[in-house]
Amino acid sequence: LRSSLARCAAINSACRPTSGVEQTTARALYRHMSPSARELAFSAAGALAGIAAMLALQRALLTGSRAVTLAMQQSEEDQGEITRGRAKHDMTPSQLARRQAADPLISLMLDLLDRLSLTEACAVAEDLIAEHLEAAQREDAPPTELSTLAPRLVSNEFGRLWQPLHLREALIDYDNEATLPYSPPPPLTATAAAATTTTTIRDPSYSLLSLLCCARCPKAHVTCRQYVPATFRELRNICNLAQVRGAAGPGAALQLLTFDGDQTLYPDRATLGSDAPLVPLLLELLTRGVALALVTAVGFDEAAPYEARLSGLLAALTAAGAPEALCSRVFVVGGQCNYLARCRAESGVATLCMVPPSEWRLPEMERWRPQQLQRLLDVAQRALLDGAARMHMADKVKLVRKERAVGVLYEAEKHRTELHRTTTLMLDELAVHARQAVREEQRTNAALRSMPFCAFNGGRDVFVDVGSKDLGIASLQRIVGATPQSTLHMGDQFTQTGNDLLARRACGTLWVDSPEETAVLLRYMLRMRAKG
């Protein structure tokens, strides 16, 4: 009987995953139960799970047989985990990655890889996404199979799908192609910039996989591996290539490309210099009519700090004669969504100028009241300080309060300590603690209920900002006339405590972890646009 109930609970869990908060609460209650109470609770929970499982299976039957098959197969593997729990060191690599990952698409791929080959998993995921996007255009469409297998992928809490993803073709590119034909564009002259013509792609090549996979490996050959499954990094790269194909490939028209700053456009705590390999690629995109924007958490109401971060790109535009057609396509959104600067040509020099809020802010942002903002920041500040004291970090952090943000800086240099991996986990804890405190306040305070915010770990600090990057990107889309389908955002903070995660509400995203990866994807993007 216990085995049957466990199988029912596993089927229900596979069809309708339980939230992390509910799982944590259940484990805490279980530890404090007496043996007899545990037996009684197990029987009652098993019976309820059996009823829920029948309803979940009925939903799955309505949406297709693949969900039922995966649920039944998953129940065999997860039965032991339900009845006795599973330690982290007992998990397979794919199970551990699935627990740690916040990316719902990669989580879906990992789920499929437990049963299918990589080629089959890419094909199934591509078909599921295409079916879901087609059904989303119909008002009375029933729940899709994708919404059953990966509900987080289609919900709007952390974003949604905007374009079909050509995972089959992306896998072929990643697996088989040692080089992708492309040559860096020639230096941009004033005449060429004024004409804004397209640069021809020539014979010299660069190595796509040497950067995305391994510097010593010209080809991935990931589909040739029989016993070692694809890693999280490999799946992330395949999904990135598929996303580029969906937004910039044949039949698509990329209009707006936004970037995070650190570890995306430039190294951590650095700037985009004139000698950065990204500068000629960004200029090439500008000549092809793509608007570019730095969307960063750094919040200033003046242009100088933003000019310092984009000094290399501004210098290159100035060297080309600062053509207005190109300068007007460069933006900076600061403080997630609270400040906007736009590039202008002044006496042949490309500079950034702040744009008045009334000219670009969305209507919902105009409804924010100063007293509401301060109340939200007060709650976040108290949570950050309480969390730091609870984790014995009060003497190692410094409080910073801004007009629309509050945070703590980890002062490693002051205490002569290095930023250890455990320190990152503690900063993650601070970010989640502050997020939960603000959400609890929003549940009890109606005035704050509709106030968006972003609590994130910046690597060496934890901040809570009013607003989020999806609102900043949506404002840019309105300015340049772009749609979510013709927009991409590139960043490195897509974990549950990252500030790039919410950008998925506004457009498709590319998850990178270095400026080198950004350069590779930009070259791949230019190749796809040339094909289109």
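## Charges over rings

Let's start with Arg 160: its charged end sits over the ring of Trp 162, 3.9 Å from the ring centre. Keep in mind that this is a predicted model.

A lysine does something along these lines too. Lys 402 lies over the face of Phe 300, and the distance to the ring centre is 5.5 Å.

## Rings that pair up

Now for rings meeting rings. The structure holds 3 aromatic pairs. One of them brings Phe 232 and Trp 511 together edge-to-face, with 5.6 Å from centre to centre and 80° between the planes. That pair links distant parts of the chain: Phe 232 belongs to helix H13 (residues 232-248), Trp 511 belongs to strand S13 (residues 508-511), and the two positions lie 279 residues apart in sequence.

How do these two residues fare for exposure, buried or partly exposed? Phe 232 has a relative accessibility of 22%, so it counts as partly exposed, because the buried class stops at under 20%. Trp 511, with a relative accessible area of 11%, is buried.

Trp 511 also pairs with Phe 494: the ring centres are 5.8 Å apart and the planes meet at 50°, so this pair is tilted. The reasoning is that edge-to-face needs over 60 degrees and stacked needs under 30. Phe 494 sits in the loop between strand S12 (487-491) and S13, while Trp 511 is in strand S13 itself, so the pair ties together parts that are 17 residues apart in sequence. As for exposure, Phe 494 counts as buried, at 0% relative accessibility.

Put the pairs together and you get a cluster: ring pairs link Phe 232, Phe 494 and Trp 511. In that cluster, Phe 232 is partly exposed, whereas Trp 511 is buried and so is Phe 494.

## A four-stranded sheet

On to the strands. There is an open sheet of 4 strands, paired antiparallel, and the order across it is S8-S9-S11-S10. Which strands sit at the edges? They are strand S8 (397-401) and strand S10 (453-457), each of which pairs on one side only. Going from one strand to the next, the twist averages 10°.

Have a look at the S8 end of the sheet. S8 and strand S9 (residues 405-410) run antiparallel, and 5 bridges join them. If you want a specific contact to find on screen, try Arg 401: its bridge partner in S9 is Val 406.

Notes:
Residues numbered from 1 in each chain as written. Predicted model: local features only at pLDDT ≥ 70, side-chain atom pairs only at ≥ 80, totals over all residues. Heavy atoms only, no water. Pairing = 2+ DSSP bridges. Axes fitted to C-alpha atoms, helices over the stretch in contact; angles between N-to-C directions. Phe/Tyr/Trp six-rings, centres within 6.5 Å; stacked < 30°, edge-to-face > 60°. Buried < 20%, exposed > 50% of the residue type's maximum accessible area, 1.4 Å probe, protein only. Lys NZ or Arg CZ within 6 Å of the ring centre and 35° of its normal.
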